Amino acid sequence: LEKIGNNFYVQYKNKNFTFSNLQENIMGQETTSPFISFSKSNAYISYQTHLTKETLKLENMLANKLASKEKYENNLNECVDIFLRSLENQIRSRRHNERTLVSLVAENAKRGLFDKTIEEYPILLLPRNKRSFLSSPYYGGLIENYRIKMIEDAEEIKTIESKILNKDYSLFEHSSVIPFLLNRGRYDIVDKILEFIETINEKKMTALQLANILKLSIEYKNSYKETKDIEAITKSCEKALLEKLFAIDDLLYIYTRENIVDSLDTFNIAKILINYGNKIEDELLKKTGYLLFNSLYSFTQDPSFFPSSFNVKQDENKKEGLMANDALIIGADVLYNIFFPENTWYTHEKSLIINEENKNVFALTCTKDIRIKKASKDMIVFDFIFQAGQTHYVILQGVEKFSDIKIHDIHFRTDPHFETYNSSGYVYNQDTKTLYLKLKHRQEVESVELDFQ
């Protein structure tokens with residue numbers, strides 16, 4: 001308690017909130033320091049303080065140049081070169097991991113330098129026990145690494161089911177959960193997720209969980225022609241998410257936990273708001289995403305060494321500020337795929353819904369693009385776009401048994417040693433419906449034809 005004249009008050013931030021309707025003879029009247037006196041007849045005193053929360057004037061903040069697409073793209077263009085140098089330095093100083101290598105190859109492949117990068121940075125830079133499926137589309141090792149990945153995917157599905165059963169909101173921290181499940185034919189779990197969403201309490205969810213529900217709603221609409229109407233829920237999530245925003249001067253941040261700003265969560269939320277705002281044509285959400293991303297990005301001059309989180313602190317004048325947590329630094333190997341998820345040269349999963357007979361086919365690949373050139377009951381032709389003269393490896397999962405396969409318009413036979421030859425090749429596992437492909441491109445676009453007659 002503090003006192004001005006005969007009025008006692010509680011200070012909150014830079015404002016004073018006075019008491020009203022106090023019982024007589026309870027307040028002491030000493031002038032040296034305010035106090036409350038107690039007696040047998042007045043053994044306790046209670047009060048309620050109503051603090052009117054000031055609403056963040058987002059509309060005013062979005063006039064800031066940091067809330068622009070131009071500034072956002074300038075930041076990305078600036079940091080990609082910084083990331084590239086940092087990734088190279090990580091390898092030279094032997095502080096690299098699999099993500100370092102994959103991020104470096106993916107960025108250079110986008111620049112037309114796949115061949116030089118693969119030659120300069122071979123897979124031998126990684127010990128065998130440090131390799132996973134993430135690097136397989138560039139360097140091979142498909143069959144063993146994908147065997148392990150299928151086990152991990154099955155465990156992931158069990159975890160998702162358990163979280164649905166237990167109404168665990170951490171389910172919504174999984175990225176791209178809808179495509180992941182649909183690619184594996186688990187439509188039943190998608191339905192259960194939608195039922196779970198209908199029961200959520202937005203007030204008890206973190207900012208990342210709320211943002212991922214917005215992302216999930218777009219993924220759901222993209223995958224289903226007839227969709228459940230979850231617009232009321234997404235609107236509630238939008239509102240709850242925006243309530244977690246706060247400003248320091250002209251910069252915008254978000255509480256990812258109580259008095260904490262987590263960097264990875266913030267960048268992910270910003271990217272989701274930008275994409276979600278684009279999809280539903282909401283300029284406010286889109287600009288909020290730009291401002292949120294650019295505000296946090298402006299904290300450092302070297303984004304390849306970014307503090308993992310910030311504590312929200314108040315100084316002696318009750319002014320809020322961010323204190324960086326330097327105990328854990330996030331590097332370019334982690335940030336690259338968050339900042340540039342649209343770079344398809346980075347190992348990714350691509351849904352290839354072809355027809356009723358092959359509706360759960362998806363690719364695990366690093367190719368620039370895969371297109372369905374022809375599709376019928378008797379034949380499917382895939383076009384793979386990659387750098388001419390270079391080799392990459394692809395998983396096509398969910399492929400029904402076929403009678404013939406053509407690569408480069410040539411009939412091929414299966415060979416368990418297909419990865420070791422200096423040519424294209426394949427292996428097919430009928431039990432898991434998995435087609436393992438090695439494609440050595442004679443030209444930028446190569447076709448693979450499957451016949452089912």
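**Exercise 1. Determine in which helix Thr288 is placed, whether Thr288 is buried or exposed, and which residues it contacts.**

Solution. Step 1: Thr288 has its place in helix H12, where a helix is a DSSP run of type H or I with at least four residues, a strand is a run of type E with at least two, and both are numbered from the N terminus. Step 2: with a relative accessible area of 0%, Thr288 is buried; the classes are buried under 20%, exposed over 50% and partly exposed in between, for a 1.4 Å probe and protein chains only. Step 3: when neighbours within four places in sequence are left aside, Thr288 is in contact with Leu58, Leu62, Leu242, Leu245, Leu252 and Leu273, contact being heavy atoms within 4.5 Å.

The model is predicted, with local features requiring pLDDT of at least 70 and side-chain atom pairs pLDDT 80 or more, whereas totals for chains, interfaces and linings use all residues. Residues are numbered from 1 along each chain as its sequence is written, and side-chain values use heavy atoms, with hydrogens and water left out.

**Exercise 2. Examine the salt bridge between Glu283 and Lys286.**

Solution. Step 1: the closest N and O atoms of Glu283 and Lys286 are 3.4 Å apart; the criterion is a side-chain nitrogen of Lys or Arg within 4 Å of a carboxyl oxygen of Asp or Glu. Step 2: both residues belong to helix H12 (residues 283–297), at a spacing of three residues, about one turn of the helix. Step 3: Glu283 is partly exposed at a relative accessible area of 44%, while Lys286 counts as buried at 16%.

**Exercise 3. State how many salt bridges the structure holds, and explain which parts are tied together by the pairs Arg184 with Glu349 and Glu243 with Lys203.**

Solution. Step 1: there are 20 salt bridges in the structure. Step 2: in the pair Arg184 and Glu349, the closest N and O atoms are 2.8 Å apart. Arg184 sits in the loop between helix H7 (177–183) and helix H8 (187–197), and Glu349 in strand S9 (residues 348–351), so this pair ties together parts that are 165 residues apart in sequence. Glu349 is partly exposed, at 29% relative accessible area. Step 3: Glu243 and Lys203 meet in a salt bridge at 2.9 Å, N to O. Glu243 lies in the loop between helix H10 (231–242) and strand S4 (245–248), and Lys203 in the loop between H8 and helix H9 (207–223); the pair therefore ties together parts 40 residues apart in sequence. Glu243 is partly exposed at 34%, whereas Lys203 is exposed at 59%.

**Exercise 4. Identify the residues with the most contacts inside the largest nonpolar core, and the helix that gives the most to this core.**

Solution. Step 1: a nonpolar core is a set of buried Ala, Val, Leu, Ile, Met, Phe, Trp, Tyr and Cys residues joined through side-chain atoms within 4.5 Å. Step 2: the largest has 95 residues, and Phe172, Ile193 and Phe339 have the most contacts inside it. Step 3: H9 gives the most to this core, with nine residues. Step 4: beyond its neighbours within four places in sequence, Ile193 is in contact with residues including Ile160, Phe172 and Leu216. Step 5: a separate second core of 22 residues includes Val361, Phe382, Leu437 and Val448.

**Exercise 5. Explain why helix H13 (residues 332–339) is largely enclosed, and find what its buried residues pack against.**

Solution. Step 1: six of the eight residues of H13 are buried, so the helix is largely enclosed by the rest of the structure. Step 2: the buried residues are Ala332, Asp333, Leu335, Tyr336, Ile338 and Phe339. Step 3: these pack against helix H2 (69–92), helix H3 (98–110), helix H11 (263–280), H12, strand S7 (305–314) and strand S8 (320–331). Step 4: Ser103 in helix H3 is buried, with a relative accessible area of 0%. Outside its neighbours within four places in sequence, Ser103 is in contact with Leu87, Asp333, Tyr336 and Tyr346.
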